[in-house]
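Thanks for coming, everyone. Please have the sequence and the 3D view open, and we'll walk through it together.

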Amino acid sequence: MANLAGKTIMITGATGNVGAGVVKAFVDAGANIALVDLNADKIANMINKELGGDTSRFKGFPTNLGEPEAVKATVDEIAAQFGQIDGLVHTVGGYAAGDPVHAVNLSVFDKMISLNARMVYLVCGAVANHMVEKGVKGSISVMLARSGQKGSKGHAAYAASKAAATRIMESMALELKEHGIRVNGISPSTVDTPPNRESMPNANFDHWVKPEQIGDLMVFLATNEAMTGTDIEISAWS
């Protein structure tokens, strides 16, 4: 089992369906965790009820990750609380279908780019800047999507945003290699979350990827020094 004792991992979207699975995996690996989410009450509830109230290892940082000043302040605060950030797992993102491109409706496009590309650029960039300045040889991992590999009808905005996120990840991996910082991504098939079950009630949930499986893979990426610039596809087997 991976041992991350003494290491600090920043996890965005920590109380979300995927984020909670990621948090559990890093808890089991012994890491200190900076839980970043928009909702302060949800963070406090997770620390108190699910993480045993251990505020020496687990600290909450409610943040609007769409605001550059807030992101920088959060990174600085985490570093002040824990000493440094050794790894980032960025799980925040969103999905929305949209009109065909020829409808020239920019609302969904702007929303998807903001959630799935701009936020990756902003958050990962801020953490990478901290690592470079502090000489931290760490890791950055991002939730991507298979939709970023190929366009599809009615999903141009989402596919474009995820493609952009993938290119950001790959570019960062090349830019940060000389600093000993590894950057990777994960593209799962359908994830087993309550919203997905609600929208596809007749599907076979056994064939879906569990958040805990994503968490285990994120731990692997945080500890495997041989991998950078990789987009790993993950599917469930049953």
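Let's start with a simple one: in which strand does Thr8 lie? Thr8 lies in strand β1, residues 8–12. One thing to say early: this is a predicted model.

Stay on Thr8. Thr8 counts as buried, because its relative accessibility is 1%. Now look at what surrounds Thr8. Setting aside residues up to four places away in sequence, Thr8 touches Asn32, Ile78, Phe82, Gln84, Ile85, Asp86 and Gly87.

Step back one residue. Lys7 is in the segment before β1. Is Lys7 buried or partly exposed? Lys7 is partly exposed, with a relative accessible area of 40%. Beyond its neighbours within four places in sequence, Lys7 contacts Ala31, Asn32 and Asp86. Take Ala31. Along the chain, Lys7 and Ala31 are 24 residues apart. Their C-alpha atoms are separated by 5.3 Å. Note that Asn32 and Asp86 turn up in the contacts of Thr8 and in those of Lys7.

Phe82 was on the Thr8 list. What sits over the ring of Phe82? The charged end of Lys59 does, 5.8 Å from the ring centre.

Now the helices. Two packed helices are described by the angle between their axes and the distance between the axes. I'll give both each time.

Take α3, residues 68–82, against α4. They pack at about 35°, with axes 10 Å apart. α3 passes α4 in a right-handed crossing. On the α3 side you have Pro68, Val71, Val75 and Ala79. They meet Arg118, Leu122, Val123, Ala126, Val127 and His130 in α4.

Next, α4 against α5. The angle here is about 15°, and the axes are 7 Å apart. Why call them roughly parallel? The cut-off is an angle under 35 degrees, so α4 and α5 are roughly parallel to each other. The crossing is right-handed. The contact list is long, so here is a sample. From α4 it includes Val108, Phe109, Met112, Ile113 and Ala128. From α5 it includes Ala157, Tyr158, Ala160, Ile168 and Leu176.

The third pair is α1, residues 17–28, with α7, residues 211–223. They pack at about 50°, with their axes 7 Å apart. That angle makes α1 oblique to α7. The crossing of α1 and α7 is right-handed. α1 brings Asn17, Val18, Gly21, Val22, Ala25 and Phe26 to the contact. From α7 come residues including Pro211, Ile214, Met218 and Val219.

On to the aromatics. How many aromatic pairs does a search of the whole structure find? It finds 2. One is Tyr95 with Tyr158, an edge-to-face pair. Their centres are 5.0 Å apart, with 80° between the planes. This pair links distant parts of the chain, 63 residues apart. Tyr95 is in the loop between β4, residues 87–90, and α4, residues 106–134. Tyr158 is in helix α5, residues 156–176. Tyr158 counts as buried, because its relative accessibility is 12%. Then there is Phe205 with Trp208. Their ring centres are 5.0 Å apart and their planes lie at 55°, so this pair is tilted. Both Phe205 and Trp208 are buried.

Back to the loop between β4 and α4. Val104 lies there too. Its phi is near 55°, a positive value in a residue other than glycine. Val104 is exposed, because its relative accessible area is 65%.

Last stop: strand β6, residues 182–188, where we find Asn184. Asn184 counts as buried, at 1% relative accessibility. Leaving out neighbours within four places in sequence, its contacts include Ile140, Ser141, Val142, Met169, Leu221 and Thr230.

Gly185 is in β6 as well. Gly185 counts as buried, at 0% relative accessibility. With the neighbours within four places left out, Gly185 contacts Val142, Leu144, Met169, Leu221, Thr230, Asp231 and Ile232. How far from Gly185 is Glu233, C-alpha to C-alpha? The distance is 8.8 Å, across 48 residues of sequence.

That's the tour. Over to you for questions.

Definitions and conventions. Residues numbered from 1 in each chain as written. Predicted model: local features only at pLDDT ≥ 70, side-chain atom pairs only at ≥ 80, totals over all residues. Heavy atoms only, no water. Phe/Tyr/Trp six-rings, centres within 6.5 Å; stacked < 30°, edge-to-face > 60°. Helix = DSSP H or I, 4+ residues; strand = E, 2+ residues; numbered from the N terminus. Buried < 20%, exposed > 50% of the residue type's maximum accessible area, 1.4 Å probe, protein only. Lys NZ or Arg CZ within 6 Å of the ring centre and 35° of its normal. Axes fitted to C-alpha atoms, helices over the stretch in contact; angles between N-to-C directions. Parallel < 35°, antiparallel > 145°, perpendicular 65-115°, else oblique. Left-handed = near helix turned anticlockwise from the far one by under 90°. Contact = heavy atoms within 4.5 Å.
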